[in-house]
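Visitor: Please choose a single part of this structure and describe it closely, together with its surroundings.

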Amino acid sequence: NRSSDLNVFAHQLPRMPKEYITRLVFDSYERRTFSHENFFSVRKHRSLALVKNNHVAGGICFRMFPSQGFSEIVFCAVSSNEQVKGYGTHMMNHLKDYHIRHNLLHFLTFADEFA
């Protein structure tokens, strides 16, 4: 669930304000937008979670920009006790497959020296 994603991100990214993480993780609501006489749903941020033994062990929060042909990876984290087991690679492979199916072939991300 999203609160478990939030906990993984907050624990693995201690310098990131928890309010900011909360806003983005819970921002993946659907809202209605009007365009050319048609309504369509727009989701801002989406999350992919890695669940092991009914606990969230990692996750990726991302935002798709289909008209520009890319997605921004906002957060990517794996619990410290589950690192170096290939779970980050596994999540990224799923994320890439998902984006290929949606014809988005580029990622944008940023990390500082604390990431």
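**Strand 5 and its surroundings**

Guide: Strand 4 (residues 55-65) and strand 5 run antiparallel, and eight bridges join them. Please bear in mind from the outset that this is a predicted model. Between the two strands of this hairpin lie four residues, and Gly-69 takes a positive phi near 80° there.

One residue of this pairing may be followed in detail. Arg-63 lies in strand 4, and its bridge partner in strand 5 is Glu-72. Leaving aside residues up to four places away in sequence, Arg-63 touches Ser-71, Glu-72 and Val-74, and it also touches Lys-44 and His-45. Ser-47 may be added to the picture: its C-alpha atom is 8.7 Å from that of Arg-63, while the two residues are 16 residues apart in sequence. Arg-63 counts as partly exposed because its relative accessibility is 25%, and the partly exposed class lies between the limits of 20% and 50%.

Strand 5 has a second partner. With strand 6 (residues 106-108) it pairs in the parallel sense, over three bridges. In this pairing, Phe-70 has His-106 of strand 6 as its bridge partner. To pass from strand 5 to strand 6, the chain goes through helix 3, and the resulting β-α-β crossover is right-handed.

The loop between strand 5 and helix 3 now deserves attention. Ser-79 has its place in this loop. It counts as buried because its relative accessibility is 16%, which is under the limit of 20%. When residues up to four places away in sequence are not counted, Ser-79 touches Val-8, Gln-12, Val-56 and Ala-57.

Further along the loop, charged side chains become the subject. Side chains of opposite charge can pair when their charged atoms come close. The count here comes to two salt bridges. In one of them Lys-52 pairs with Glu-82, and the closest N and O atoms are 3.0 Å apart. This pair links distant parts of the chain, 30 residues apart: Lys-52 belongs to strand 3 (residues 45-52), whereas Glu-82 belongs to the loop between strand 5 (70-78) and helix 3 (87-101). In the other, Glu-82 forms a salt bridge with Lys-85, with 3.1 Å between the closest N and O atoms. Lys-52, Glu-82 and Lys-85 are thus linked in a network of salt bridges.

The three members of the network may be considered by their accessibility. Glu-82 is buried because its relative accessible area is 12%. Lys-52, at 27% relative accessibility, counts as partly exposed. Lys-85 is likewise partly exposed, with a relative accessible area of 45%.

Strand 3 also holds Leu-50. This residue is buried, its relative accessible area being 12%. Apart from residues up to four places away in sequence, Leu-50 touches His-55, Val-56, Ala-57 and Gly-58, as well as Tyr-87, His-90 and Met-91. Val-56 and Ala-57 were also among the residues that Ser-79 touches. Leu-50 and Gly-88 are 38 residues apart along the chain, yet their C-alpha atoms are separated by 8.9 Å.

Finally, this part may be placed within the whole. The secondary structure comes to three helices and six strands, and from the N terminus on the elements run α-α-β-β-β-β-β-α-β. Of the 115 residues, 32% count as buried. The protein exposes about 7,800 Å², of which carbon and sulfur atoms supply 52%. Among contacts between residues at least 6 apart in sequence, 45% join residues at least 24 apart.

A word on confidence is also in order. The pLDDT averages 79 over the protein, and 77% of the residues score at least 70. Among the elements, strand 6, the parallel partner of strand 5, has the highest mean pLDDT, 93, whereas strand 1 (residues 30-35) has the lowest, 43. The pLDDT is below 50 over residues 29-41, although this stretch has 19 contacts in the model beyond near neighbours in sequence. Where pLDDT is low, the predicted coordinates should not be read in detail.

Technical notes:
Residues numbered from 1 in each chain as written. Heavy atoms only, no water. Salt bridge = Lys/Arg side-chain N within 4 Å of Asp/Glu carboxyl O. Buried < 20%, exposed > 50% of the residue type's maximum accessible area, 1.4 Å probe, protein only. Pairing = 2+ DSSP bridges. Right-handed = clockwise from strand over helix to strand, strands pointing away. pLDDT = per-residue confidence, 0-100. Contact = heavy atoms within 4.5 Å. Areas by Shrake-Rupley, 256 points an atom, 1.4 Å probe, with all protein chains shown as cover.
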